[in-house]
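Visitor: Could you show me how to read the empty spaces inside a protein model? I would like the general idea, then the case at hand.

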Amino acid sequence: MSDAGQLAPPAVTTASATGIGEGEAPYPGAALSWGIVAALFIAYIFSFIDRMLIGLLVEPIKKDLLLTDTQISLLQGLAFALFYTIAGIPIGRWIDRAPRMRVVAIGITIWSGMTALCATVTNFSQFFLARMGVGVGEAVLSPAAYSIISDSFPRNRLGLAMGVYGLGSAIGAGMAFMIGAVVIAAVANAETVTVPLLGVIKGWQVAFLVAGLPGLLIAFTFLLLPEPVRRITRGEEHLTGRVPMSAVTHYLNDNKIFFWSIFLAVGMVNLSVLGSISWLPVMMVRSFGMELANAGWLSGSLLIIGGLLGMVGGGALMDRLGGGSPESRLKFCAWATVVGIFGAVAFPLLENTILMSIAFVLFFTAAAVAVGAAPSVIQQLAPNRMRATISAAYVFVINIIGLGAGPTLTAVIGDNFFPFESGIRYAIAIVAPFGYIVGAILFFVAAKHIRTHKG
């Protein structure tokens, strides 16, 4: 399946990669396609708000529930990773067979409700269980979104569409810190707040209510959106009905070097990013003496700027370079990650707030490029009726490494080797460049082996 040494993505029978052909189903109109992306983008924003909010509320939660940095890191990451371990792949199989818009609506309802439930917890165990429920957001949303978007756009526009969707993660993480900052400022003069039905609760608990409840309205939107036509590739024309899991594992095994390289590359980038941004506001408070609300605003702004540059700018640029081919996308990711290493080394150690901010944007922009592009490559190559399952495997791997290990690895290094107030910055300075170095190498490996891909 190669042409002049480059892999051609699987041919499409129900719609061509570049437009409408004879007897082929057209892609949705531009207004509908971008409307679907907009709905998924908003859902992704709220997914990350619900996930990342705890990063700004570390100090008040630690004080009220008597937790350590390591316990907080488990709430930030491992609680999500455990959910992926148990249910991620079955959910992907469900998405490959069920109406995807309905599945997304169910997922949003569950994670939004569980976020609001975090406002009622009184100990670590309750909090951990509630955070596991929030984890359904990533497990459902991204595999479904990747599949939906890939059926809504031709190949030469897929990078930008995926980049816009992926931007939701950066904006969501940024808005999580900003929303937390607003709530903290609003209740700064009140030790507790009285809320109908719940009674008297702490300020950090109010933040979880504010973040969780709007998601229930977003879920309803997906019940109104049409389901895009699934586009079947020639490689799966012989498959009828439900694709067995054995066919998926056989396909992954035939292409194991490529898929493991790209999964682990993004996983290591996530290790660096989540090991850093989970502690970014805390680092600003402890190392720069910032007020918590100000740290939230600055952290949120830097995440949004880096996300715009990397996911939208990088996605549009990759659609132009190399015709949006999978190999060119992966090489772009590799070089972006190499450049990002310089920001990873610098931002935790710089003493000047402005220089630290510039270095962090460089660091995060590189990650945004990689996280935005990798799903595009997978969707271009994976057979349609396996896409959500393979995407679920991708989400599983990158979150086991990134969420499961990133925040906790940073906290453990800080607690054990730098046990002083500003020690978290030195732990970040170790974890951030390490993940990028490994990730860059693996992106180059994936680009090299893409030519041997078996469709």
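Guide: Let's begin with residue classes: Ala, Val, Leu, Ile, Met, Phe, Trp, Tyr, Cys and Pro count as nonpolar, Asp, Glu, Lys and Arg as charged, and the others, Gly among them, as polar. By that scheme, the lining of the largest cavity has 16 nonpolar, four polar and two charged residues. This is a predicted model, where local features need pLDDT of at least 70, side-chain atom pairs count only at pLDDT 80 or more, and totals for chains, interfaces and linings use all residues. Residues are numbered from 1 along each chain as its sequence is written, and side-chain values use heavy atoms, leaving out hydrogens and water.

Visitor: How many cavities of 30 Å³ or more does the structure hold?

Guide: Rolling a probe the size of a water molecule over the atoms shows where empty space is left. A cavity is a set of points, on a 1 Å grid over the protein atoms alone, where a 1.4 Å probe fits but cannot get out; lining residues have an atom within 4 Å of a point. The structure holds three cavities of that size, and the largest has a volume (the space filled by probe spheres set on the points) of about 240 Å³.

Visitor: Which residues lie nearest the centre of the largest cavity?

Guide: Tyr 44, Phe 48, Ser 169, Asn 270 and Val 371, from a lining of 22 residues.

Visitor: What lines the second largest cavity?

Guide: Its lining includes Tyr 44 and Val 371, along with Tyr 146 and Pro 375. The space there is about 40 Å³, and the lining has six nonpolar, two polar and no charged residues.

Note on methods. 1 Å grid on protein atoms, 1.4 Å probe; cavity = no way out; pocket = protein on both sides within 12 Å on 5 of 7 lines; lining within 4 Å.
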